[in-house]
Amino acid sequence: MPLIPKSHPRAKSLLIREKLVNGFDKGLVAKEGLLAQGRGEAFDYLLGEKTGRTASKAIKAAAAQLLLAERPVISVNGNIAALCPKQIIKLSKQIKAKLEVNLFYTNEKRKQAIIKTLKKYGANEILGTKKASSKKLPGIDSARRIVDKDGIFAADVVVVPLEDGDRTMSLKKAGKIVITFDLNPLSRTSQTANITIVDNVTRSVDLLINQSKELSKKNEKTLLKIIEEFDNKKNLAENIIQIRNNLTRKAKIA
Ligand code: PTJ
């Protein structure tokens with residue numbers, strides 16, 4: 001890994017990039033995952049590389065939704081296994097959600113590497129690993145249609161970080177509540193999900209853990225009110241305004 005001086009103005013972002021590249025070298029990340037990272041970096045730059053007010057609102061709504069869920073599941077892909085395996089496992093324990101490995105670019109060797117990484121960081125049960133318990137989600141052409149009958153197939157709330165639009169739509173059609181992390185507020189996933197956290201997953205997953213801890217002391221009525229007051233479309237529109245304002249500010253500086 002190249003030496004990134006702490007004083008570098010974009011040190012944190014460069015470290016995230018290195019995590020992904022290391023994950024690729026370890027066989028966790030698809031080649032296309034590197035491209036997804038590049039797209040994410042561009043949006044992160046435009047968002048100021050920090051968790052904004054709109055992301056914080058979405059994180060609060062997501063925490064409330066997850067605490068009210070009966071069968072929550074977190075879907076893990078190659079990028080997540082490389083970027084934040086420890087935190088995603090911590091989140092699953094905090095909200096009592098199952099973990100399911102579900103890949104867009106299917107590859108058994110990569111799947112096994114992801115499972116090994118999750119186990120190394122303390123995951124107990126990992127779904128999406130047995131052919132015998134697989135079911136098909138309708139409306140998807142990619143390998144993502146194969147889900148676990150005890151996991152995503154039966155879930156009421158599904159967390160799908162760095163997702164493709166088709167599966168988000170299919171999950172919604174199947175009556176599930178979808179929560180995503182996606183730095184692009186214009187993506188189909190962002191626009192289709194019930195709750196979109198427009199932030200770098202490496203920053204916001206910790207915030208979601210903390211928020212879930214805090215809200216776990218609240219009653220059902222309070223949690224329902226938080227969800228009712230959250231408007232994903234409005235929040236995404238605010239994200240886009242935030243990008244426009246950042247661009248205007250950067251243009252003035254230049
Ligand atoms: O491991 P696999 O086979 O399941 O493949 C995973 C990828 C990510 C390659 C696959 O899901 C894919 O191709 O996704 P997309 O369609 O490229 O969408 C990824 C979205 O995540 C894009 O909108 C990116 O802007 C966004 N993104 C990238 N990095 C991050 C991110 N969002 C939050 N945090 C990030 N670190």
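Student: How do the residues of the shell around the ligand divide into nonpolar, polar and charged?

Tutor: Quick heads-up before we start: this is a predicted model. The shell breaks down into eight nonpolar, eight polar and seven charged residues.

Student: Okay, and which residues of that shell are the closest to the ligand?

Tutor: There are 23 residues surrounding the ligand, and the closest are Arg39, Phe104, Tyr105, Arg110 and Asp182.

Student: Let's talk polar contacts. What lies 2.8 Å from an oxygen atom of the ligand?

Tutor: The idea is to look for pairs of N or O atoms within 3.5 Å. Here, that 2.8 Å partner is a polar side-chain atom of Asp182. The backbone joins in too: a polar backbone atom of Gly78 is 2.9 Å from a ligand oxygen, and a backbone N or O atom of Leu162 sits 3.1 Å from an oxygen of the ligand.

Student: How much of the ligand does the protein bury?

Tutor: Taken alone, the ligand exposes 740 Å², and the protein buries 94% of that.

Student: Where does the ligand sit?

Tutor: In the largest pocket. Two elements give two or more residues each to the shell around the ligand, namely α2 (31-46) and α4 (78-83).

Student: Which element gives the most to that shell?

Tutor: That's α2, with five residues.

Student: Now the sheet. What is the order of its strands?

Tutor: General idea first: strands of a sheet pair through backbone hydrogen bonds, and the pairing can be parallel or antiparallel. In this model you've got an open sheet of six strands, ordered β3-β2-β1-β6-β7-β8, with parallel pairing.

Student: Which are the edge strands?

Tutor: Those are β3 (126-127) and β8 (195-197), and each of them pairs on one side only.

Student: How many bridges join β1 to β2?

Tutor: Four, between β1 (residues 72-76) and β2 (residues 98-101), with the two strands running parallel. If you want to follow the register on screen, pick out Ser75, which stands opposite Glu100 in β2. Then find Val76, whose bridge partner in β2 is Val101.

Student: What about the side chains along a strand like that?

Tutor: As a rule of thumb, in a regular strand the side chains alternate between the two faces of the sheet.

Student: And over how many bridges do β2 and β3 pair?

Tutor: Two, again in the parallel sense. Leu99 is your landmark there, standing opposite Ile126 in β3.

How values were computed: Residues numbered from 1 in each chain as written. Predicted model: local features only at pLDDT ≥ 70, side-chain atom pairs only at ≥ 80, totals over all residues. Heavy atoms only, no water. Near = heavy atom within 4 Å. Polar contact = N/O pair within 3.5 Å; in protein donor to acceptor, adjacent residues only side chain to side chain. Areas by Shrake-Rupley, 256 points an atom, 1.4 Å probe, with all protein chains shown as cover. 1 Å grid on protein atoms, 1.4 Å probe; cavity = no way out; pocket = protein on both sides within 12 Å on 5 of 7 lines; lining within 4 Å. Sits in = over half its atoms within 2 Å of the grid points. Nonpolar A, V, L, I, M, F, W, Y, C, P; charged D, E, K, R; others polar. Pairing = 2+ DSSP bridges.
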